[in-house]
Amino acid sequence: MTTSNEAANRPAVVIDAGTSSTKFGFSGNVEPNYIMPTVVGLDTHNLAKTTSARSSTPSLKDLDYLIGDEALANTKKYSIHHPITDGQVNNWDLMDKYWQHCVFKYLRCDPEDHYFLLTEPPLNSPENREYTAEIMFETFNVAGLYIAVNSVLALAAANPMTGQGTDFLTGTVVDSGEGSTHVIPVVDGYVIGSSVKTLPFAGKDVSQFILNLLKERGEPLPYEAHEVARVVKEKHCYTCSDIAKEFNKHHLQPEKYCQHLNGKTSRGKDFSIDLGYERFLAPEMFFNPDIYTSDWSTPLPEVIDDAITTSPIDTRRALYKNIVLSGGTTLFKDFGRRIGRDLKNRVKERMSKQVRQTESQEIEVNVESHHMQRFAVWFGGSVLASTNNFVKSVHTKADYEEYGPSICRMNALFRN
Amino acid sequence: MSHLQVSQENAVVRDTVARRVKAVLGKATKGEVFDVKIPEFDEVYYNIKAEKNVPHKVTLSLALPKGIPLPTGAAQVVKQSYDALAADCVGVRSPSERGYDLTVECDLSKIQSEEQGALFCSKISMLRSLVQCIPLRKILTDLNQGKSTEKQATCIRYKRKRAMYVKPLVDSVVVVFPVHFEDENDATLAVNFLQHFAETKRTQQNLANSPSCAYHLNPPLEVQEGMRSDSTALSGDDKANGGYMSFSLFSRHVNTADKVDSVAWKMCTFYSFISYHIKASKGHIQSRMRTKADDWLDVLAKAKAAPPKKQPKTIRLQG
């Protein structure tokens with residue numbers, strides 16, 4: 001019999017399912033083994049509801065589906081469905097299918113032999129956790145399951161070595177991926193739900209903005225313009241300290257600051273475009289949103305400040321002290337530094353207006369940048385799942401059979 | 001393809017080595033550092049290591065389940081089959097890495113072209129199939145060459161508590177799987193699935209040439225003796241609770257080296273194949289339950305309570 005002890009000695013499976021992409025792999029590794037889009041491609045002739053869920057005779061066509069990149073590459077035969085929207089699972093049938101392929105086709109492991117660590121967005125409903133537990137224990141027979149809040153994992157990723165007690169689980173997470181940007185204050189591993197703030201733009205808007213700028217200037221864009229914009233965003237953008245000065249620099253010494261992007265299209269044609277202002281203007285949309293949209297004007301540092309000042313008063317210093325970046329859109333050069341500087345100025349200004357300023361200590365503002373930012377959540381999961389405390393906190397199959405899916409409503413924090 | 005066939009390649013191994021191959025072909029002097037540990041089904045582990053300063057070296061280690069020894073002659077088989085791709089591209093290190101049964105050192109500088117690189121990555125990721133299927137491949141090759149004689153059934157273990165029994169006969173080889181699942185529900189589904197599997201094979205015209213298979217509730221006669229005399233045989237708690245599945249392989253099924261390879265691998269991964277189908281069936285059942293619950297909720301939402309009876313305002317006199 002597979003005892004839980006055996007599963008504890010094996011690496012856990014860590015699956016971080018996001019709106020646009022899912023990172024999954026085995027704990028103890030530095031990088032996720034797979035990163036693929038969170039999409040399921042179903043056979044178009046086999047429309048989900050009519051043949052599979054309601055008919056009494058299951059057909060083998062149920063097994064005919066693809067996930068991730070493979071699904072996107074075969075859109076002629078398979079129609080694309082998204083199991084997750086806005087961080088929440090909206091279709092459990094699709095999510096079940098997605099997990100099946102993750103486990104059996106890509107990770108190729110026996111789920112009976114491993115503990116699983118899944119992530120959920122902050123403010124996920126307990127019912128969703130129960131659904132997840134039902135699928136994981138009943139369908140997959142996993143040895144154990146732990147559901148962690150993704151922002152807490154991002155915090156754990158920022159300082160994995162100082163994992164003593166829960167002190168290291170206090171901080172503000174700035175999470176910006178492809179689909180959404182959130183600012184989430186976390187105290188002792190608990191999310192302060194009422195203070196979570198959201199910005200209406202993220203990675204895909206940055207790409208769109210770059211595309212708009214390039215089009216406006218009339219650059220000879222190839223057919224795959226979106227792909228080009230993505231490359232520009234990932235490889236050539238940086239955060240500047242002062243937008244007016246930066247414009248001046250580019251204007252005076254274009255040969256020093258302008259770059260060229262050469263490449264080949266998928267049809268084999270060469271193309272070459274010039275890159276100028278968009279290199280620093282694109283990340284600037286987080287600091288001056290007016291340049292991109294008229295619907296939103298609060299810059300990111302101000303949103304962070306709002307999130308912290310609406311949190312309980314005794315936690316604010318700690319939240320200022322540990323601001324952690326997570327997600328691909330926070331990877332711009334000096335992004336963290338700029339946030340730190342703007343935030344510091346804001347806080348200083350507010351403090352100087354206070355009447356009894358002599359009595360108050362200066363507030364320490366600290367923005368952490370680290371090289372695991374891109375898969376911070378997954379990496380945090382990988383680190384936590386390799387600790388001994390994980391084994392103690394995980395809900396085992398035996399627990400599930402004794403108490404039912406409600407045990408997964410609560411996921412105890414790791415404590416020493 | 002609707003069935004999930006377990007591929008011989010391990011995609012993580014393939015892609016990780018491919019990154020290094022690409023760097024070497026691009027004449028990089030420094031390589032990305034990695035130390036990736038990944039488990040695979042049936043308690044197999046891989047470890048891929050590479051260092052920064054020697055970009056053309058990658059070390060791949062393989063660990064079989066504890067208590068199952070490496071098949072004899074494994075090192076030689078590995079060396080031979082990779083030498084066919086490029087001379088001296090791999091070397092088997094002895095002793096192997098601690099905690100692993102086999103360590104292969106790949107010398108990527110021997111790879112000349114991109115096609116060769118892709119082929120190499122694909123082949124190196126099949127290391128497990130190459131090693132684990134050695135005993136079965138030998139029996140099947142004997143069958144193909146007409147050297148097969150009737151012998152007692154041998155037990156080939158591929159997971160600590162899972163085994164298959166292989167009984168060579170003069171004209172065929174019988175492979176028997178005792179089916180055991182921890183979970184009672186899984187075992188029930190497995191019985192159902194396997195009975196259906198055998199039935200389909202019997203009745204479908206287009207499967208006439210595939211190996212015949214049968215489902216038994218009790219150990220088939222061919223292997224009974226072998227199971228009794230074998231000390232490593234499954235006993236007690238591990239007795240088959242899902243019956244026995246047997247396949248008869250004839251020489252026409254294994255008349256080329258490729259076929260031997262593919263048959264051996266399919267036999268070795270038969271368990272994973274069933275396991276996946278059981279999980280998929282359970283997923284299907286759950287999705288039907290969810291749909292049903294939604295339907296009932298719809299009905300409930302539509303239903304309105306009947307309006308309460310009003311007292312008539314006028315009084316009707318009786319009589």
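**Entry 1: where chain A meets chain B**

I looked up the contact between the two chains in this predicted model, and I noted that 34 residues of chain A are in contact with 29 residues of chain B. I then asked which elements of chain A give two or more residues to the side that touches chain B. I found three entries to write down, namely α2 (48–53), α4 (92–107) and α5 (126–139) of chain A. Of these, I marked α4(A), since the record of contributions shows that this helix gives the most to that side of chain A, with 7 residues.

I also sorted the side of chain A that touches chain B by residue class, and I counted 13 nonpolar and 13 charged residues there, together with 8 polar ones.

**Entry 2: the two domains of chain B**

I turned next to chain B, for which the domain assignment gives domain 1 as 11–132 and domain 2 as 134–276. I noted that the centres of these two domains of chain B, taken over C-alpha atoms, are separated by 30 Å. For the contact between them, I wrote down 14 residues from domain 1 of chain B and 9 residues from domain 2 of chain B.

Which elements of domain 1 of chain B give two or more residues to the side that touches domain 2 of chain B? I found α2 (74–83) and α4 (127–132) of chain B, and I saw that α4(B) gives the most to this side, with 3 residues. Finally, I divided the residues on the side of domain 1 of chain B that touches domain 2 of chain B by class, which gave me 7 nonpolar, 4 polar and 3 charged residues.

Terms used
Residues numbered from 1 in each chain as written. Chains lettered and ligands numbered in written order. Predicted model: local features only at pLDDT ≥ 70, side-chain atom pairs only at ≥ 80, totals over all residues. Contact = placed C-beta atoms within 7 Å. Helix = DSSP H or I, 4+ residues; strand = E, 2+ residues; numbered from the N terminus. Nonpolar A, V, L, I, M, F, W, Y, C, P; charged D, E, K, R; others polar. Domains from an automatic or database assignment.
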